[in-house]
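Reader: Please guide me through the structure shown below, one question at a time.

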Amino acid sequence: MVPVIALLVLGVGIPYAILVSERATQRVFIDRTGDAVRFASEVDAAIESGESTGLGEELASYSALYDSAVWVLALDGATVYDPGVPLPDDEELAGAVRRAFAGGRVSEAPTVYPWTAAPVRVVEPVGRDSQVTAVVVIEAPTDTLRAGSLSQWAVGIGVLVVAVAGLLAGLWPLTSWILRPVRDLERSTAGIGAGDFTTRADVDRGPQELRELSESFNTMADTVERSMQRQRAFVTDAAHQLRNPLASLRLSVENLRPWLRDGDAREAHEDAVAETVELGATFEAMLGAVSAERDDGERDGDLCSVVGVFDAARPRWQACAESAGVRLVIEGPAPGCRTVRQPSGGLVAVLDELVSNAARLSGGTTVTVRMRTESEGRWALFEVEDDGRGLSESETTAATGRFWRAPRHQNVAGTGLGLAIVSDVVADVGGTFELRGASGGGIVATVRLPCASA
């Protein structure tokens, strides 16, 4: 709105200023032209009569009264009347004098603006047509003209300022009334984006079109909330309905062992127990993946100490590395970021998953955990790097998909949901998760989280 008003002021103010200066200039020019015509007729009469004493006195009085020099030039270039001021020697005046001797007249003068220092000049021929016998030149100063134009500009600017102030005073409440529903919609959208599906827009304020838009938004939010509630209810019901049957199935399969005498039967029994355990682990991982979805936006407010995360997780990482037969190197935490926004389930659980994957699946000899900051301490980067075989580019891209496992890891314990859950919970708090190849081989898993303090 302000740029539009500024353009309006310029669109009105500039033409007004030009018009004021043009009219003031033409008014002075016309007055001086009238004086020059009168003097030209008196000079013509004086030349015919041969008496110029009275003319000289009148021209002198005029020059003193209006502070305007008057010259009368003859055909041969001699000065018939000299006001005591040298005739300006410039090409523009010389051209005007030549045109006057040829019978021509100047119909208008250049516009005088407040910063213009040049005087207004009028050149009037004495005589008619080809009978020009002399030329009258009047040079009028422009100090008063420029001061008058400037004062009118000031008045115009004052009027514009008052008009714009009144316009803004009227537009401000109107604009606030129109934009209030838009700001409310923005707040509601941000609330739903943060996981608070109970947020609704106000439908009682603003223009009718925006109220209808708010109603449509609320209808959409109701639909989304119902869908999320049904999903959570389904997950809860599935958890209650399937956990007990799975536990009973595993117990029943394990109770069959004393009745099995044959070696092949025992081997089949062990495979069945292993499959049952794997099914239970997969089920728990699926529940974890679903519960990683946002729940009323509460997770975004959780903060955790970076130093506390390293202190709590260090023994677990060391035990995981020892069980996998790899060396663990811990670098950090780096100074400059004391707390970060914590993903659902905790940052320790996220890093535990990455360290476990690097130790069990990389095939390397060393796992490095490091923490550093970037963007002047606004972001914390937690990196877990291994020196193993790594993944191809396509495998790196697919690794965060649910139930994805590398072909060489199909027979290794796991569900293929760990990295998918990590990616989801990190994104929920405004962070990012990235897998890339390490410079010396292997994989670098990077969790990037916003710092809550520096």
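The questions and answers that follow concern a predicted model.

Reader: In what order do the 4 strands of the open sheet lie?

Author: Strands of a sheet pair through backbone hydrogen bonds, either parallel or antiparallel. In this open sheet the pairing is antiparallel. The edge strands, each pairing on one side only, are strand 2 (79–81) and strand 3 (120–126). The order of the 4 strands is 2-1-4-3.

Reader: By how many degrees are neighbouring strands of this sheet turned against each other on average?

Author: The angle is taken between neighbouring strands, and direction is ignored. On average, the turn is 25°.

Reader: Which residue in strand 4 stands opposite Val123?

Author: Strand 3 pairs with strand 4 (residues 134–140) in the antiparallel sense, over 7 bridges. In strand 4, the residue opposite Val123 is Val137.

Reader: How many of the 7 residues of strand 3 are buried?

Author: Strand 3 is an edge strand and pairs on one side only. Even so, strand 3 is largely enclosed by the rest of the structure, because the number of its 7 residues that are buried is 6.

Reader: Is Thr25 buried or exposed?

Author: Thr25 has its place in helix 1 (residues 2–49). Leaving aside residues up to four places away in sequence, Thr25 touches Ala109, Pro110, Thr111, Val112 and Leu145. Buried means under 20% relative accessible area. The relative accessible area of Thr25 is 0%, so Thr25 is buried.

Reader: How many of the 15 residues of helix 8 are buried?

Author: Helix 8 covers residues 347–361 and reaches 21 Å from its first C-alpha to its last, close to the 21 Å expected at 1.5 Å a residue. Its buried residues include Leu347, Val350, Leu354 and Leu361. Helix 8 is mostly covered, and its count of buried residues is 12.

Reader: Which residue takes a positive phi just after helix 8?

Author: The place to examine lies just after helix 8. There, a positive phi of about 75° belongs to Gly363.

Reader: Is helix 7 roughly parallel or roughly antiparallel to helix 8?

Author: Two packed helices are described by the angle between their axes and the distance between the axes. The axes of helix 7 (residues 306–324) and helix 8 come within 10 Å and cross at roughly 20°. Angles under 35 degrees count as roughly parallel. Helix 7 is therefore, relative to helix 8, roughly parallel.

Reader: Is the crossing of helix 7 and helix 8 left-handed or right-handed?

Author: Residues of helix 7, among them Val309, Trp317 and Cys320, meet residues of helix 8 that include Leu351, Val355 and Arg360. The crossing in which helix 7 passes helix 8 is right-handed.

Technical notes. Residues are numbered from 1 along each chain as its sequence is written. This is a predicted model: local features need pLDDT of at least 70, side-chain atom pairs count only at pLDDT 80 or more; totals for chains, interfaces and linings use all residues. Side-chain values use heavy atoms; hydrogens and water are left out. Two strands pair if DSSP finds at least two bridges between them. Helices (H or I, at least four residues) and strands (E, at least two) are DSSP runs, numbered from the N terminus. Axes are lines fitted to C-alpha atoms, for helices over the stretch in contact, and angles run from 0 to 180 degrees between N-to-C directions. The expected span of a helix is 1.5 Å times one less than its number of residues. Buried means under 20% relative accessible area, exposed over 50%, partly exposed in between (1.4 Å probe, protein chains only). Contact means heavy atoms within 4.5 Å. Angles under 35 degrees count as roughly parallel, over 145 as roughly antiparallel, 65 to 115 as roughly perpendicular and the rest as oblique. A crossing is left-handed if the near helix is turned anticlockwise from the far one by less than a right angle, and right-handed if clockwise.
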